[in-house]
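This report is for a reader who has not met the structure before. It goes through selected residues, the core, the cysteines and the largest pocket.

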Amino acid sequence: WQARHCSFFIGIGRADDRGKGYGTDAVRTMLRFIFMEMNLNCVRLEVMAYNTDGIRAYERVGFRQDGRLRAFVYRDGVYYDIITMSILREEWEMITSPSGTADTAE
């Protein structure tokens, strides 16, 4: 809390619920709460590199890629990279309208 940053994870478990905007809407709502109510400055996350849909969804609401943790996760005999991403309050403010919803189209 003192450092004014946080991290989070979100997942849409059922495959037939993905691609409908639920995750994007949830992330937008969460960012509005984090920046406006909690008064934090930075939100960061980690996402599996193969999750290109998730990465695009995070970028759509303003997250930027910070880096890559190479071969960081070992699952079922395969190593996977992790992408680290973040968004700063000032970046979020630039892409939101006065109502607090992202101006970018889905």
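## Tyrosine 58

Tyrosine 58 is found in helix H2, which covers residues 52-60. This is a predicted model. Is tyrosine 58 buried or exposed? Its relative accessible area is 8%, so it is buried.

Leaving aside neighbours within four places in sequence, tyrosine 58 is in contact with Phe8, Ile10, Val27, Leu45, Val47, Phe63 and Met85. Tyrosine 22 lies 36 residues from tyrosine 58 in sequence, and the two C-alpha atoms are 12 Å apart in space.

## The nonpolar core

Tyrosine 58 also appears in the largest nonpolar core, which has 17 residues. The residues with the most contacts inside this core are Leu31, Val43, Tyr58, Phe63 and Met85. Two or more residues of the core come from each of H1, E2, H2 and strand E4, the last of these spanning residues 78-88. Which element gives the most to the core? It is H1, with four residues. In soluble globular proteins, nonpolar side chains tend to be buried together.

Leucine 31 can be followed through its contacts. With neighbours up to four places away in sequence left aside, leucine 31 is in contact with Met36, Val43, Val61, Phe63, Ile87 and Trp92. Phe63 is thus listed as a contact of leucine 31 and as a contact of tyrosine 58.

## The cysteines

How many disulfides does a search of the whole structure find? It finds zero. Cysteine 6 is in no disulfide, and the nearest cysteine sulfur belongs to cysteine 42, 7.9 Å away. A disulfide is a covalent bond between the sulfur atoms of two cysteines.

Taken from the side of cysteine 42, the closest cysteine sulfur is that of cysteine 6, and 7.9 Å is too far for a bond. The cut-off for a disulfide is a pair of sulfur atoms within 2.5 Å. Cysteine 42 has a relative accessibility of 18%, so it counts as buried; the limit for buried is under 20%.

## The largest pocket

The volume of the largest pocket is about 750 Å³. It is lined by 30 residues, and the closest to its centre are Ile12, Arg18, Asn51, Asp53 and Gly54. By class, the lining has 14 nonpolar, seven polar and nine charged residues.

Helix H1 (22-37), strand E2 (42-48) and helix H2 each supply at least two residues of the lining. H2 gives the most, with six residues. H1, E2 and H2 are also among the elements that give two or more residues to the largest nonpolar core.

## Strand E3 and the loop after it

Strand E3 holds residues 64-75, alanine 71 among them. Alanine 71 is not a glycine, yet it has a positive phi of about 45°. Its relative accessible area is 41%, so alanine 71 is partly exposed. Aspartate 76, in the loop between E3 and E4, likewise has a positive phi, near 55°, in a residue other than glycine. Aspartate 76 counts as exposed because its relative accessibility is 76%.

Glycine 67 lies in strand E3 as well. At a relative accessible area of 28%, glycine 67 is partly exposed. Residues up to four places away in sequence not counted, glycine 67 touches Ile82, Ile83 and Thr84. The C-alpha atoms of glycine 67 and glutamate 46 are separated by 9.6 Å, with their positions 21 residues apart along the chain.

## Two exposed residues

Where is tryptophan 1? Its place is in the segment before E1. Tryptophan 1 counts as exposed because its relative accessibility is 68%. Even so, tryptophan 1 is in contact with Met38 and Leu40, once neighbours within four places in sequence are left aside. Glutamate 46 is 45 residues from tryptophan 1 in sequence and 19 Å from it in space, C-alpha to C-alpha.

Alanine 15 has its place in the loop between strand E1 (5-7) and H1. Its relative accessible area is 55%, so alanine 15 is exposed. Arginine 56 is 41 residues from alanine 15 along the chain, and their C-alpha atoms are separated by 17 Å.

How values were computed: Residues numbered from 1 in each chain as written. Predicted model: local features only at pLDDT ≥ 70, side-chain atom pairs only at ≥ 80, totals over all residues. Heavy atoms only, no water. 1 Å grid on protein atoms, 1.4 Å probe; cavity = no way out; pocket = protein on both sides within 12 Å on 5 of 7 lines; lining within 4 Å. Points joined across faces, edges and corners; volume = space filled by probe spheres on them. Nonpolar A, V, L, I, M, F, W, Y, C, P; charged D, E, K, R; others polar. Buried < 20%, exposed > 50% of the residue type's maximum accessible area, 1.4 Å probe, protein only. Core = buried A, V, L, I, M, F, W, Y, C linked by side-chain atoms within 4.5 Å. Contact = heavy atoms within 4.5 Å.
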